[in-house]
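Grab a coffee and work through these exercises with the structure open beside you. Try each task before you read its solution.

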Amino acid sequence: MTGVPLVFDSPIQDAISSIQFAPQSNNLLISSWDSCLRLYDVNGSVLRLEASSEASLLDCCFQNELVGFSAGSDGSVRRYDFHSGTSEVVGNHDDLSICVGYSNETCQVISVGLDNKILAWDTRMEKELLCLVNVGSEVQSLSLSGFEMMVAVGRSVYVYDLRNLAKSIPSKKSDMDVNIKCISSVPHSRGFAVGSVDGRVALEMSSSSDSNDIRYMFRCHPKSTEKRLHLVSVNDIVFNTLMDSAFYTGDNEGYVIGWDAQSRKRLFELPRYPNSISSLSINNKGQLLAVASSYTYQEAKERYSSNIHTTN
């Protein structure tokens, strides 16, 4: 596998919080702590948009090829029109807004914040708050799939029906005995994978036949020669959009590893990156993996640099 760094005329000045490929193209949306949202054309190796704001940007997502959203440290959820280059605030949390996602099925933009609230807006309605759910605890990560929303809270996973957010709050206790760092839903199926702060991944995938259900947990790195466990946070997990059984993990020591959920085997391990892996994204054809190597404010020994590579 070959990796190519993205080239910027003006380097990203702070930590990269999130990268997301567009729904249909190889445009990459990049949010960072330097208060800028960037839209990068990977095919053309050119920056299409750089929109600044007053707050650090902690997450981002696409609505479609022309519209995106960001979550800000000032609590704001901001909408961007890539064609006109304009942006506007959709709504606000009472504390940092840390995750944002968009559902094609319900036309909702959904965010979670450190105020322990989940907010949802219908993009077909002018800035009208559709739903507010108080989780009561700090949400670490958010993932959307079909009509389901999954959020990681402590050691648990909460699954919501986007069509009935206010009433349906079933929870699923994961196998983790430590806090969950990230969650990723399985595309085109029911299930999810969570990564922990101590280097483990727990996977749940359901099928029409109970005998084919998958549920297990593993460590991304085995014990070292000194018999010590590799206790490093798994910062992000992404599933291949065309191969549901293939997924990728990125951790706080710069390792990116590909896995096969069905065979429970490691597919590959990329050469170690110089910094933590803050975010991963796979393009819509499942052929291009984007890797954000950046400090994440989790470790004192992290290097103060931010880079993005794409790997075929």
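**Exercise 1.** Is Cys220 buried or exposed? Then work out whether its sulfur has a bonding partner.

*Solution.* Keep in mind that this is a predicted model. Start with the surface: Cys220 has a relative accessible area of 3%, and the cut-off for buried is under 20%, so Cys220 is buried. Next, look for another cysteine sulfur. The closest one belongs to Cys182 and sits 9.0 Å away, too far for a bond. A disulfide needs the two sulfur atoms within 2.5 Å.

**Exercise 2.** How many disulfides does the structure hold? Follow up with Cys61 and find its nearest cysteine sulfur.

*Solution.* The count is zero. For Cys61, the nearest cysteine sulfur is that of Cys60, 7.2 Å away, and Cys61 is in no disulfide. Cys61 is also buried, at a relative accessible area of 7%.

**Exercise 3.** Which residues touch the most other members of the largest nonpolar core? Trace the strands that feed this core.

*Solution.* The core has 18 residues, and the best-connected ones are Ile118, Met149, Val151, Tyr160 and Leu165. Strands E10, E11, E12, E13, E14 and E15 each put in at least two residues. E15 (148-153) gives the most, with three residues. Now zoom in on Met149: leaving out residues up to four places away in sequence, its contacts include Ile110, Ile118, Leu142, Tyr160 and Leu165. There's also a second, separate core of 17 residues, and Cys220 from Exercise 1 is one of its members, along with Leu203, Phe247 and Ile257. As background, nonpolar side chains tend to be buried together in soluble globular proteins.

**Exercise 4.** In what order do the strands of the open sheet containing E2 run, and why does E2 have a side without a neighbour?

*Solution.* The order is E2-E3-E4-E5, with antiparallel pairing. E2 (16-21) and E5 (46-52) stand at the edges with a single partner strand each, so one side of each has no neighbour in the sheet. Neighbouring strands are turned by 15 degrees against each other on average, direction ignored. Step over to E4 (36-41) and you'll find six bridges joining it to E5; Asp41 stands opposite Val46 there.

**Exercise 5.** Do the job again for the open sheet that contains E1.

*Solution.* Here the order is E1-E28-E27-E26, again antiparallel. The edge strands are E1 (3-5) and E26 (277-282). The twist averages 25 degrees from one strand to the next. E27 (289-294) and E28 (306-311) pair over six bridges, and Leu289 stands opposite Thr311.

Notes. Residues are numbered from 1 along each chain as its sequence is written. This is a predicted model: local features need pLDDT of at least 70, side-chain atom pairs count only at pLDDT 80 or more; totals for chains, interfaces and linings use all residues. Side-chain values use heavy atoms; hydrogens and water are left out. Two strands pair if DSSP finds at least two bridges between them. Helices (H or I, at least four residues) and strands (E, at least two) are DSSP runs, numbered from the N terminus. Axes are lines fitted to C-alpha atoms, for helices over the stretch in contact, and angles run from 0 to 180 degrees between N-to-C directions. A nonpolar core is a set of buried Ala, Val, Leu, Ile, Met, Phe, Trp, Tyr and Cys residues joined through side-chain atoms within 4.5 Å. Buried means under 20% relative accessible area, exposed over 50%, partly exposed in between (1.4 Å probe, protein chains only). Contact means heavy atoms within 4.5 Å.
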